[in-house]
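Let's take a friendly walk through this model together, one region after another. Have the viewer open as you read.

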Amino acid sequence: MPQQPPIRSTPTRPSRPDASMSLLTNVMDHSLDDGYAEAAARKKAAGDGGLPKTLRARLGLALGLVLAALVVTVGAAQARVAAPVVAKEREELIDRIDRESGTADKLEESVDRLRDDVTTRQREALKHTGDSGQADLVGILSGAVEVHGPGVKLVVNDAKEATTGGDGNPRETSGFSDTGRVRDRDMQRVVNGLWQSGAEAISINGQRLTALSAIRAAGDAILVDNKPLVPPYTVLAVGDGQRLSTRFQDSADGLYLHALQENYGIRTAISAEDDLRLPAAPSVIVRTAEPRTEKGTS
């Protein structure tokens, strides 16, 4: 068989760098699209430079600019004129607040002095009654005198992490939005439970309770005789210490407090004390009740 000539591969030609360079040069020289370039050329040929050409249009533009400048100037002038007036009114308001605050402070001091004077006179009147034992008893029960003796110390505090909501007893129907906070109704039940358990005198955070005392709420604050208290609430109750503690914890109000502790994390601690000291009430004023006398009775 005849032998075929060997197939020889044709060597490839190296790419020319001039082609790549010409492409980059073309891109740099013609960065704008042809359509944009054509539109710019037509706009230039038509003489449309973006500014008004007619005299009326130019006058309208100038008038608009003048009006805008006038409005800005007038606004700045009014602000500059009004600034001293506003500053003066602010200073007058601050001075008035300071004066009224000083007057309120003086009135409060006067009320405190008068309250102390009334309390002193009440105590002196109790001391000069015929029966000193009866006077002492009246002073203790009315809260007009300081007392001391054995009793119970009960500390009630909010939960460490207050939770919202809750559909279980004992707060289901009370409308509480935060079940981890101690409320005025809680303290009312605590105090009533201590009275029923045999307490002879009670104070909350140093505030002596009397027959005229009220425990209420103002927002989240608990008020005792219109004085706000902050947690923890320390309740001191003078009485037969151990017996008073046992009777209170077994009562319905003691079980209520225990339920708050178990279900909502409210912290409580109760202990029997050998000697507690309770201050006198700031003032004991009776406006309606009068003592009964034998005169005129049949």
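## A nonpolar patch on the surface

Leu 63, Leu 67, Leu 70 and Val 74 together make a nonpolar surface patch of about 360 Å². This is a predicted model, so please read every value below as computed from predicted coordinates.

To place the patch on the fold, start from Val 74, which is found in helix α3, residues 55-127. Is Val 74 buried, exposed or partly exposed? Its relative accessibility is 39%, and Val 74 therefore counts as partly exposed. The cut-offs behind that label are under 20% for buried and over 50% for exposed.

## The chain as a whole

Stepping back, the protein chain holds seven helices and eight strands. It has 298 residues, and buried residues make up 22% of them. The accessible surface comes to about 22100 Å², with 55% of it belonging to carbon and sulfur atoms.

How much of the contact set links residues 24 or more positions apart? Among contacts with a separation of 6 or more, such pairs account for 73%.

## The five-stranded sheet

Five strands form an open sheet in the order β3-β2-β7-β1-β8, and their pairing is antiparallel. Its edge strands are β3 (207-208) and β8 (267-278), each of which pairs on one side only. Strands of a sheet pair through backbone hydrogen bonds, either parallel or antiparallel.

You can trace the sheet through its bridges. Strand β1 (residues 147-157) runs antiparallel to β8 and is joined to it by 10 bridges; Asn 157, for instance, has Arg 267 in β8 as its bridge partner. Six bridges join β1 to β7, again running antiparallel, and here Val 156 has Tyr 233 in β7 as its bridge partner. Between β2 and β7, also antiparallel, there are four bridges. In that case Ala 201 has Val 238 in β7 as its bridge partner.

## Cover over the sheet

Helix α5 (residues 184-196) lies across β1, β2 (201-204) and β7 (233-238), and it runs at about 160° to β2.

Why is β7 described as largely enclosed by the rest of the structure? The reason is that five of its six residues are buried.

## The three-stranded sheet

A second open sheet is built from three strands in the order β4-β5-β6, with antiparallel pairing. Strands β4 and β6 (227-229) are its edges, each pairing on one side only. From one strand to the next, the twist averages 40°. Helix α5 packs on this sheet too, touching β4 and β5, and its direction makes about 170° with that of β4.

Within the sheet, strand β5 (residues 221-224) and β6 run antiparallel and are joined by three bridges. One bridge pair to look up is Leu 223 with its partner Pro 228 in β6. For a landmark in β4 (residues 215-218), try Ala 218. With a relative accessibility of 43%, Ala 218 counts as partly exposed. Its C-alpha atom is separated by 9.2 Å from that of Asp 184, although the two residues are 34 residues apart along the chain.

## Backbone details in the loops

Here is some background before the last stop. Most residues other than glycine have a negative phi, and most peptide bonds are trans.

Which residues between β5 and β6 have a positive phi? Asp 225, found in the loop between β5 and β6, has a positive phi of about 55° although it is not a glycine. Asn 226 is also placed in the loop between β5 and β6, and its phi is positive as well, near 65°. As for accessibility, Asp 225 is partly exposed, with a relative accessible area of 28%, while Asn 226 counts as exposed because its relative accessibility is 63%.

Further along, the peptide bond from Pro 231 to Pro 232 is cis, with omega near 0°. Pro 232 is found in the loop between β6 and β7.

Terms used: Residues numbered from 1 in each chain as written. Predicted model: local features only at pLDDT ≥ 70, side-chain atom pairs only at ≥ 80, totals over all residues. Heavy atoms only, no water. Patch = residues over 30% accessible without salt bridge, like charges linked within 9 Å, V, L, I, M, F, W, Y side chains within 5 Å. Areas by Shrake-Rupley, 256 points an atom, 1.4 Å probe, with all protein chains shown as cover. Salt bridge = Lys/Arg side-chain N within 4 Å of Asp/Glu carboxyl O. Helix = DSSP H or I, 4+ residues; strand = E, 2+ residues; numbered from the N terminus. Buried < 20%, exposed > 50% of the residue type's maximum accessible area, 1.4 Å probe, protein only. Pairing = 2+ DSSP bridges. Contact = heavy atoms within 4.5 Å. Axes fitted to C-alpha atoms, helices over the stretch in contact; angles between N-to-C directions.
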